[in-house]
Amino acid sequence: MAPVIIEDPVAGTVPRHPTVIYYHHVHPSLEHYTSLTPSDFARSLDLLLECLSLCDPNCLWDGGRLCLPAEPSFLVTFDDGYRDVWKYGLPILEARGVRAMFFVTTGLVGTGSCSGDRPKEDYLDWPQCRELVARGHMVGAHGVFHYPLTDVTTSRAAADVRESIAEVESRLERACSFFAYPFGCVPAGRPICPENVWGFGTVKAPLHPWVLHPQCIRRTYLPTGNEGAWPALIAHWRRQWSRR
Ligand SMILES: [Zn+2]
């Protein structure tokens with residue numbers, strides 16, 4: 001039977017698992033369903049920190065082995081590797097001691113607009129990615145060219161995953177075992193990630209225990225434009241942690 005999928009951020013986490021939040025942009029004026037202004041981004045982290053404990057990805061995957069926290073917690077992730085997150089988001093993260101995961105589209109790393117002020121076209125470069133790792137964050141792969149992997153053959157999708165992970169590994173000179181599916185599209189059927197890789201979906205992913213489905217980790221988000229609902233949403237995620 002196909003798993004039930006709840007494309008609603010309310011369904012945050014699997015019991016006893018961290019709530020994994022995904023953001024795309026932190027920018028003063030950009031409109032996107034997971035783009036927040038710097039002040040809203042700071043508020044989102046403060047609300048999360050009030051209600052949940054902070055999950056450091058380095059501790060969660062200690063030496064590659066999953067160590068689930070013993071209390072309700074949250075993990076911060078960013079998709080696509082946009083440069084605005086570096087400029088606006090990183091200082092806010094680091095002022096709160098938050099270590100995050102950044103999933104970069106490898107074919108777009110280092111590219112940008114001529115003016116440098118088109119947030120949807122301006123990406124982190126490799127020195128910035130290396131700096132993120134040096135500061136304790138994690139960098140994972142998000143495909144080579146960011147197309148939905150459900151639109152191509154299984155072998156093409158698997159090659160995209162492999163190539164983007166290999167690029168991260170060679171640029172950062174370290175193993176990479178984290179991949180986020182572009183557009184949250186997790187191909188059904190044969191797995192496309194190498195066996196040792198953890199795969200992250202979005203709210204399109206079903207709620208599965210991670211060890212049983214390590215390549216289909218559900219993430220959720222704090223909806224832009226509905227900030228008033230965040231405290232109740234986060235409190236709900238906390239309650240989900242202890243549900244049986
Ligand atoms: Zn993406």
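This briefing covers the salt bridges and the zinc site of one structure. The model is predicted. A search of the whole structure finds 8 salt bridges. Three of the pairs are described here, including Arg99 with Asp56, Glu94 with Arg135 and Glu131 with Arg135. The zinc ion is coordinated by Asp80, His142 and His146.

**Arg99 and Asp56**

- Arg99 forms a salt bridge with Asp56, and their closest N and O atoms are 3.2 Å apart.
- Arg99 sits in the loop between helix H3 (83–95) and strand E8 (101–104), while Asp56 sits in the loop between strand E4 (53–54) and helix H2 (57–60).
- The two residues are in parts that are 43 residues apart in sequence, so the salt bridge ties those parts together.
- Arg99 is partly exposed, at 34% relative accessibility.
- Asp56 is buried, because its relative accessible area is 17% and the cut-off for buried is under 20%.

**The network around Arg135**

- Glu94 and Arg135 meet through their side chains in a salt bridge, at 2.7 Å from N to O.
- Glu94 belongs to helix H3, and Arg135 to the loop between helix H4 (126–134) and strand E9 (138–141).
- This pair therefore ties together parts that are 41 residues apart in sequence.
- Glu131 also forms a salt bridge with Arg135, with an N to O distance of 3.0 Å.
- Glu94, Glu131 and Arg135 are joined into one network by salt bridges that share partners.
- Glu94 is partly exposed, with a relative accessible area of 29%.
- Arg135 is partly exposed at 33% relative accessibility.
- Glu131 is partly exposed, with relative accessibility of 33%.

**The zinc site**

- The coordinating atoms are OD of Asp80, NE2 of His142 and NE2 of His146, at 2.0 to 2.1 Å from the zinc ion.
- The donor residues follow the sequence spacing D-x61-H-x3-H.
- Asp80 lies in strand E7 (residues 73–80), and His142 lies in the loop between E9 and helix H5 (154–172).
- Asp80 and His142 are 62 residues apart, and the pair links distant parts of the chain.
- Both Asp80 and His142 are buried.

Terms used
Residues numbered from 1 in each chain as written. Predicted model: local features only at pLDDT ≥ 70, side-chain atom pairs only at ≥ 80, totals over all residues. Heavy atoms only, no water. Salt bridge = Lys/Arg side-chain N within 4 Å of Asp/Glu carboxyl O. Helix = DSSP H or I, 4+ residues; strand = E, 2+ residues; numbered from the N terminus. Buried < 20%, exposed > 50% of the residue type's maximum accessible area, 1.4 Å probe, protein only. Donors = N, O, S within 2.8 Å, 3.2 Å for Na, K, Ca; no water.
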